[in-house]
Amino acid sequence: VLGSAVVASVAGVYWFWPKSEEVEDSDDMVPREVIVELFTLLTKEMPQRMAPLIQQIQQVKAQNPAINEQELQKVMITNFDNILKSSQEQFFTQNDIDECDADRSTHYYLKQNDEEVTAVVNQFRQLYVQFGGVVEVDVPEGLTEDKMCLILEDYLQAKSQANTLIIMELQRSQGKMTEQQNMMLTQHITAVMERALQAHGMSMFEWAAAEKHFLETSERFKKRHQEDEAQNSEKFAALGVQ
């Protein structure tokens with residue numbers, strides 16, 4: 001756990017803040033451009049600093065194929081958290097920023113729907129998830145079943161494009177992608193999916209929350225979702241992919 005540091009709060013610890021809680025402007029707010037710089041830097045820097053660990057994990061898996069994947073994932077996210085804490089503390093020191101002020105300022109800009117801050121924070125959130133972190137958000141307010149089903153169709157079209165990329169890469173690599181290749185493919189696919197959702201003003205994390213909600217409450221949404229899952233299972237089964 002990253003403690004009270006701003007990136008930890010945005011990635012996980014304070015994800016459960018109720019929407020009704022206000023984050024007010026104040027004299028000690030960290031400028032928005034500094035918050036953007038922070039998350040841009042971390043999103044660029046973290047994969048580079050994690051690369052040696054990824055290589056080590058690949059070697060361990062090659063030597064011991066039966067090793068527990070969950071244990072390796074714990075190692076991955078623990079190291080990610082520790083490196084992240086070090087990187088952000090260095091940034092705070094270099095820029096003479098109090099981390100509590102950065103924390104509060106980040107949430108203020110997010111609640112103000114600042115497009116640039118929201119974009120860089122979402123990019124970091126996605127990176128955090130790729131390394132095993134968990135992000136939870138609320139279902140967007142005013143999202144109806146009809147609107148969600150409309151968004152679903154665009155999402156499924158993007159998903160079909162993503163699956164085509166996956167199939168092409170599996171065929172090219174004969175089903176033997178490295179961890180790094182898999183991560184690069186995941187990032188590319190995520191970009192495809194994000195573009196489809198952004199057209200509806202929705203982030204990947206809001207989609208995940210809404211998808212879970214409507215799978216539990218909407219038979220129409222659930223049926224269409226299941227139809228797509230069945231079609232994709234048939235496509236991958238034909239390639240021998242489970």
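The following exercises, each with a worked solution, concern a predicted model of a protein.

**Exercise 1. Overall composition**

Determine which kinds of secondary structure element the protein contains, and what share of its residues is buried.

Solution. Begin with the elements: the protein has nine helices and zero strands. Read from the N terminus on, the order is therefore α-α-α-α-α-α-α-α-α. Next, consider burial: 41% of the 242 residues count as buried. Finally, consider the contacts with a sequence separation of 6 or more: residues 24 or more positions apart account for 81% of them.

**Exercise 2. The nonpolar cores**

Identify the residues with the most contacts inside the largest nonpolar core, and state which helices supply it.

Solution. The largest nonpolar core has 37 residues, and Met50, Phe80 and Phe124 have the most contacts inside it. At least two residues of this core come from each of helix H2 (32–63), helix H3 (69–94), helix H4 (99–111), helix H5 (115–130) and helix H8 (204–217). The greatest contribution is that of H2, with 11 residues. There is also a second, separate core of 21 residues, which includes Met148, Leu152, Leu185 and Phe214.

Turn now to one of the central residues of the largest core. Leaving aside residues up to four places away in sequence, phenylalanine 80 touches Met46, Met50, Phe124, Leu127, Tyr128 and Phe131.

**Exercise 3. The packing of H2 and H4**

Classify the mutual orientation of H2 and H4, and describe the residues at their contact.

Solution. The first step is the geometry: the two axes come within 10 Å and cross at roughly 100°. Angles of 65 to 115 degrees count as roughly perpendicular, so H2 is roughly perpendicular to H4. The second step is the contact itself, where Arg32, Ile35 and Phe39 in H2 meet Ala102, Ser105, Thr106 and Tyr109 in H4. By character, the residues of this contact divide into four nonpolar, two polar and one charged.

**Exercise 4. Aromatic pairs**

Classify the ring pair formed by phenylalanine 80 and tyrosine 128, and state which parts of the chain the pair ties together.

Solution. The model contains 10 aromatic pairs. For phenylalanine 80 and tyrosine 128, the ring centres are 5.8 Å apart and the planes stand at 65°. Planes over 60 degrees apart count as edge-to-face, so this pair is edge-to-face. Phenylalanine 80 lies in helix H3 and tyrosine 128 in helix H5, so the pair ties together parts that are 48 residues apart in sequence. Both phenylalanine 80 and tyrosine 128 are buried.

The reasoning extends to phenylalanine 91 and phenylalanine 92. Their ring centres are 6.5 Å apart and their planes are at 75°, so this pair is edge-to-face. Phenylalanine 91 and phenylalanine 92 are both buried. To complete the account, ring pairs link Phe39, Phe80, Phe124, Tyr128 and Phe131 into a cluster.

**Exercise 5. Leucine 197 and histidine 225**

Decide whether leucine 197 and histidine 225 are buried or exposed, and list the residues that each touches.

Solution. Leucine 197 is found in helix H7 (residues 179–198). Buried means under 20% relative accessible area; leucine 197 has a relative accessibility of 0% and so counts as buried. Apart from residues up to four places away in sequence, leucine 197 touches Ile151, Tyr155, Met202, Ser203, Met204 and Trp207. Leucine 197 and tryptophan 207 are 10 residues apart in sequence, with a C-alpha to C-alpha distance of 7.7 Å.

Histidine 225 belongs to helix H9 (residues 219–238). With a relative accessibility of 12%, histidine 225 also counts as buried. Under the exclusion of residues up to four places away in sequence, histidine 225 touches Leu152, Glu211 and Leu215.

**Exercise 6. Positive phi angles**

State where aspartate 96 and asparagine 113 lie, and what is notable about the phi of each.

Solution. Start from the general expectation: most residues other than glycine have a negative phi. Aspartate 96 is not a glycine, yet has a positive phi of about 50°. Aspartate 96 lies in the loop between H3 and H4, and at 73% relative accessibility counts as exposed. Asparagine 113, likewise not a glycine, has a positive phi of about 55°. The loop between H4 and H5 holds asparagine 113, which is exposed, with a relative accessible area of 62%.

Methods
Residues are numbered from 1 along each chain as its sequence is written. This is a predicted model: local features need pLDDT of at least 70, side-chain atom pairs count only at pLDDT 80 or more; totals for chains, interfaces and linings use all residues. Side-chain values use heavy atoms; hydrogens and water are left out. A nonpolar core is a set of buried Ala, Val, Leu, Ile, Met, Phe, Trp, Tyr and Cys residues joined through side-chain atoms within 4.5 Å. Buried means under 20% relative accessible area, exposed over 50%, partly exposed in between (1.4 Å probe, protein chains only). Helices (H or I, at least four residues) and strands (E, at least two) are DSSP runs, numbered from the N terminus. Contact means heavy atoms within 4.5 Å. Axes are lines fitted to C-alpha atoms, for helices over the stretch in contact, and angles run from 0 to 180 degrees between N-to-C directions. Angles under 35 degrees count as roughly parallel, over 145 as roughly antiparallel, 65 to 115 as roughly perpendicular and the rest as oblique. Ala, Val, Leu, Ile, Met, Phe, Trp, Tyr, Cys and Pro count as nonpolar, Asp, Glu, Lys and Arg as charged, and the others, Gly among them, as polar. Rings of Phe, Tyr and Trp (its six-membered ring) pair if their centres lie within 6.5 Å; planes under 30 degrees apart count as stacked, over 60 as edge-to-face and the rest as tilted.
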